[in-house]
Amino acid sequence: MNKVALVLGGNGGIGSSAVKRLAEDGFQVCATYFKHKDKLKEIETELSSNEISVFQCDLTNEDEVNKIISNIDST
């Protein structure tokens, strides 16, 4: 069974720590950012590309949130 975690705001202080920890614990991590992708790109280079997927998402936009959920479900 594959474990998947969705971290909203994965580029922030707590979010980036959560992304790293979940990946270390064996989760496939899907992390979102709104404007600043730099921190997630740093984390992505530290981790295997199989461990993290990064998505740009405005959480106030229901269509964007649904699109992210659909992308996670399909992969």
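Within helix H2 of this predicted model, Lys41 and Glu44 sit three residues apart, or about one turn of the helix. The two residues are joined by a salt bridge, with 3.1 Å between the closest N and O atoms. Lys41 is partly exposed, its relative accessible area coming to 40%. Glu44 also falls in the partly exposed class, and its relative accessibility is 22%. With buried defined as under 20%, Glu44 is therefore not counted as buried.

Helix H2, which covers residues 38-46, hosts a further pair, Lys39 and Glu42. Here again the spacing is three residues, which places the partners about one helical turn from each other. Their side chains form a salt bridge with an N to O distance of 3.9 Å. This contact qualifies because the distance lies within the 4 Å cut-off. As for solvent access, Lys39 is partly exposed at a relative accessible area of 31%, and Glu42 is likewise partly exposed, at 42%.

It is worth turning next to the pair formed by Arg21 and Asp25, whose side chains meet in a salt bridge at 3.1 Å, N to O. Arg21 has a relative accessibility of 52% and so counts as exposed, since the exposed class begins over 50%. Its partner Asp25, with a relative accessible area of 38%, is partly exposed.

Taken together, the structure holds three salt bridges: Arg21 with Asp25, Lys39 with Glu42, and Lys41 with Glu44.

Key. Residues are numbered from 1 along each chain as its sequence is written. This is a predicted model: local features need pLDDT of at least 70, side-chain atom pairs count only at pLDDT 80 or more; totals for chains, interfaces and linings use all residues. Side-chain values use heavy atoms; hydrogens and water are left out. Buried means under 20% relative accessible area, exposed over 50%, partly exposed in between (1.4 Å probe, protein chains only). Helices (H or I, at least four residues) and strands (E, at least two) are DSSP runs, numbered from the N terminus.
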